[in-house]
Amino acid sequence: QKHLAIALDKAGDRKKAIAVRETLVKDYPDAKVIQQTLLLLGANLAASREYAASVKYNQEYLNRWPDAP
């Protein structure tokens, strides 16, 4: 799913990339790719002007990895 989301980003289909990443976060919350996925999801949502949802995922990232750069 990570690779699908990246391909959708490259194709310019942000809406589908968001959906894939949200599914990944929901279904595999402990996967190794979740840290990066949360950051990309927050960025995709902010770019789509879905600010409340962006804040939600960015806050989840900060809660889980408070010492991350």
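These are legends for an overview and several close-up views of a predicted model.

**Figure 1. The whole protein is an all-in-a-row run of α elements, α-α-α-α from the N terminus on.** The secondary structure adds up to 4 helices and 0 strands. Measuring sticks first: along the principal axes, the C-alpha atoms fill a box of roughly 35 × 25 × 20 Å. The radius of gyration is 11 Å, and a compact globule with 69 residues would come out near 11 Å, so the two agree. Of the 69 residues, 26% count as buried. The accessible surface is about 4700 Å², and carbon and sulfur atoms own 55% of that. As for contacts between residues at least 6 apart in sequence, 35% of them join residues at least 24 apart. On the charge side, there are 11 positive and 8 negative charges, and their mean positions sit 5 Å apart.

**Figure 2. Alanine 5 in helix 1 and its partners further along the chain.** Helix 1 covers residues 2–11, and alanine 5 has its place there. Is alanine 5 buried or exposed? It counts as buried because its relative accessibility is 1%, and the cut-off for buried is under 20%. Leaving out neighbours within four places in sequence, alanine 5 is in contact with Ala17, Val20 and Arg21. For a longer hop along the chain, take glutamine 36: it is 31 residues away from alanine 5, and their C-alpha atoms are separated by 12 Å.

**Figure 3. Threonine 37, a buried residue of helix 3.** You'll find threonine 37 in helix 3, with a relative accessibility of 4%, so it counts as buried. Which residues does threonine 37 contact, once neighbours within four places in sequence are set aside? The answer is Arg21, Leu24 and Val25. Arg21 should ring a bell, as alanine 5 is in contact with Arg21 too.

**Figure 4. Leucine 45 in helix 3, with a relative accessible area of 1%.** This leucine is part of helix 3, and that 1% is why it goes down as buried. Its contacts, not counting neighbours within four places in sequence, are Ile18, Glu50, Ala53, Ser54 and Tyr57. Alanine 17 makes a handy distance check: it is 28 residues from leucine 45 in sequence, and the C-alpha to C-alpha distance is 10.0 Å.

**Figure 5. Serine 54 seen from the helix 4 side of the story.** Serine 54 lies in helix 4 and has a relative accessible area of 5%, so it is buried. Skipping residues up to four places away in sequence, serine 54 touches Gly42, Leu45 and Ala46. The Leu45 contact is the one you met in the previous view, where Ser54 was on the list for leucine 45.

**Figure 6. Asparagine 58, a partly exposed residue of helix 4.** Asparagine 58 lies in helix 4. Its relative accessibility is 27%, which is why it counts as partly exposed; the partly exposed band runs between the buried limit of 20% and the exposed limit of 50%. Asparagine 58 touches Leu38 and Gly42 when residues up to four places away in sequence are not counted. How far apart in space are asparagine 58 and leucine 38? C-alpha to C-alpha, they are 6.7 Å apart, with their positions 20 residues apart in sequence. Gly42 also turns up among the residues touched by serine 54.

**Figure 7. Tyrosine 61 and tryptophan 65 form an aromatic pair.** The count of aromatic pairs comes to 1. Tyrosine 61 and tryptophan 65 make a tilted pair, at 5.6 Å centre to centre with 40° between the planes. The two residues are covered to different degrees: tyrosine 61 has a relative accessible area of 8%, so it is buried, whereas tryptophan 65, at 23%, counts as partly exposed.

**Figure 8. Arginine 49, in the loop between helix 3 and helix 4.** Helix 3 spans 34–47 and helix 4 spans 51–64, and arginine 49 lies in the loop that joins them. What is the phi of arginine 49 near? Phi is near 65°, a positive value in a residue other than glycine. Arginine 49 has a relative accessible area of 68% and is therefore exposed.

How values were computed:
Residues numbered from 1 in each chain as written. Predicted model: local features only at pLDDT ≥ 70, side-chain atom pairs only at ≥ 80, totals over all residues. Heavy atoms only, no water. Helix = DSSP H or I, 4+ residues; strand = E, 2+ residues; numbered from the N terminus. Buried < 20%, exposed > 50% of the residue type's maximum accessible area, 1.4 Å probe, protein only. Rg over C-alpha atoms; globule rule 2.2 N^0.38 Å. Contact = heavy atoms within 4.5 Å. Areas by Shrake-Rupley, 256 points an atom, 1.4 Å probe, with all protein chains shown as cover. Lys, Arg positive; Asp, Glu negative; His and termini not counted. Charge placed at Lys NZ, Arg CZ, Asp CG, Glu CD. Phe/Tyr/Trp six-rings, centres within 6.5 Å; stacked < 30°, edge-to-face > 60°.
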